[in-house]
Amino acid sequence: MSKSADIVIIGGGVIGLSCAFYIARDLYNGQAQGKVIIIEKEPVTGAGATGKNAGGIRAQFSSPENIIFSLRSIEAFESFEEETGSPLVFQQCGYLFLQSTQDQVDSFEKQATLQRSLGVDVEFLAPDEIKKLAPALKVDDLIRGNFFSRDGIADPGDIAMGYYNAVKRLGVEVMTDTTVTGLTMSGDSVTAVQTSRESVQCQNVINAAGPFAAEIAKMAGYDLQVIPVKRQIVVTGPLDYINDEFPMVVDVSTGVYFHKETPGLLMGWADPKTKPGYDESTDDDYTDEILMRTLERLPRLEDAEIGAAWGGLYETTPDHRAIIGKAPGINGLIFVNGFSGHGLMHAPAAGMVIADIISGATPRFDITDFSPERFAKGALIHETNII
Ligand SMILES: Cc1cc2nc3c(=O)[nH]c(=O)nc-3n(C[C@H](O)[C@H](O)[C@H](O)COP(=O)(O)OP(=O)(O)OC[C@H]3O[C@@H](n4cnc5c(N)ncnc54)[C@H](O)[C@@H]3O)c2cc1C
């Protein structure tokens, strides 16, 4: 059996859904029936990295492209209901990067200069101001914190569901429980997507397979530099000392991050010892390490009851920047991959530029530094503010 579409999007995570939304709304004016198909191997959309993530949204990055992507995406989250028709609680509690060495202060000061030049009004908070904002934090070893009040957190499930409901209304077909098994090539062009159910003839394929993106690229003979690696999260039971204004805290010295997750706290950390791979199992030593690191900054956590812990896959690139654009040397294949832990917060802007690429327009934001060609050219500029 076979069917056809103009555009097939492989992957029904937040990135594939956002791409489908902007394409269906802006290019097909809501008449996308039969033209745009999302293919997702799981029984539901949003069950991959999207369903495992911490919900953090921030503009405090070290590179202009990431900052611009974030600012445009923050605007989209601020008007999410207007855009998609679904409500979203975007708690703009701010991100607070805590610094306890002079090197960290120098590095965050440099980043703040760039961020401010692009419209991110970062504040430098002294330890007593940090204590006022989040009284439960230990601040005696801190020099200062960088804080941007429009950063915040949102429920990844609500974002994915909002896009899903919108794309269904706009006429996008979503094939769940369907695994992409191959790409049909005619010379250098992709002409169809083979799946566990049927093949789909198409003109354009968008690779939005998250941590599995390199496997999809390989089906067209392309070596895509997206590496899956496990990251873990721990959530506590109720904590009455985490106030409503409690920000997303990133302790730069220990690398741990945590935010209010009603009724308690959500914590995460990138263990540098974790080997690349598809293993997502929850590891007790990893959980303990997250708790120990958080405890250093939040001593009252000692009595907390642990609610849940889980693992999920980051989709990392060698320079921790996304890979967005047409696949070099392959017609009809487009990458929107490798968000390196920032795919939720960058999903709106990513969807917008993919709609531009499909329509043949110049992308509305400069995506030169996300170019798939940069690896072959050796032109890597690393994003340093990664979590
Ligand atoms: C623990 C953790 C915390 C994170 N915290 C944050 C955060 O605070 N903020 C933030 O912005 N980002 C965060 N991230 C990163 C974020 O979750 C990802 O960048 C984002 O979800 C990527 O979205 P995606 O749609 O590309 O990938 P996914 O959500 O993984 O979607 C890809 C989809 O492709 C499907 N697929 C794969 N192969 C095939 C195939 N062969 N056939 C059909 N379907 C296929 C998968 O089933 C999956 O549903 C975090 C990630 C993790 C793991």
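**Exercises on strand β2 and a helix pair**

In this predicted model, a right-handed β-α-β unit is built from strand β2, helix α1 (residues 14-27) and strand β3.

**Exercise 1.** Determine which strands pair with β2 (residues 7-10), and in which sense they do so.

*Solution.* Begin with β3 (residues 36-39), which pairs with β2 in the parallel sense over four bridges; within this pairing, Ile7 stands opposite Val36 of β3. Then turn to β14 (residues 204-207), where the pairing with β2 is again parallel and runs over four bridges, and where Asn207 is the bridge partner of Ile10.

**Exercise 2.** Decide whether the residues on the two faces of β2 are buried or exposed.

*Solution.* Take one side of the strand, which carries Ile7 and Ile9, and then the other, which carries Val8 and Ile10; these residues are all buried, and both faces of β2 are accordingly covered.

**Exercise 3.** Classify the packing of helix α3 (residues 64-78) against helix α10 (residues 347-359), and describe the residues that form the contact.

*Solution.* The first step is the geometry: the axes of α3 and α10 lie 7 Å apart, and the helices pack at an angle of about 105°. Because angles of 65 to 115 degrees count as roughly perpendicular, α3 is roughly perpendicular to α10. The next step is to list the participants, which are Phe69, Arg72, Ser73, Ala76 and Phe77 from α3, meeting Ala347, Pro348 and Ala349 from α10. Sorted by character, the residues of this contact between α3 and α10 comprise six nonpolar, one polar and one charged.

Note on methods:
Residues are numbered from 1 along each chain as its sequence is written. This is a predicted model: local features need pLDDT of at least 70, side-chain atom pairs count only at pLDDT 80 or more; totals for chains, interfaces and linings use all residues. Axes are lines fitted to C-alpha atoms, for helices over the stretch in contact, and angles run from 0 to 180 degrees between N-to-C directions. Angles under 35 degrees count as roughly parallel, over 145 as roughly antiparallel, 65 to 115 as roughly perpendicular and the rest as oblique. Two residues are in contact if their C-beta atoms, placed from the backbone, lie within 7 Å. Ala, Val, Leu, Ile, Met, Phe, Trp, Tyr, Cys and Pro count as nonpolar, Asp, Glu, Lys and Arg as charged, and the others, Gly among them, as polar. A residue is buried if 20 or more other C-beta atoms lie within 10 Å of its own, exposed if 12 or fewer, and partly exposed in between; C-beta atoms are placed from the backbone. Two strands pair if DSSP finds at least two bridges between them. A crossover is right-handed if, with the strands pointing away from the viewer, the path from the first strand over the helix to the second runs clockwise.
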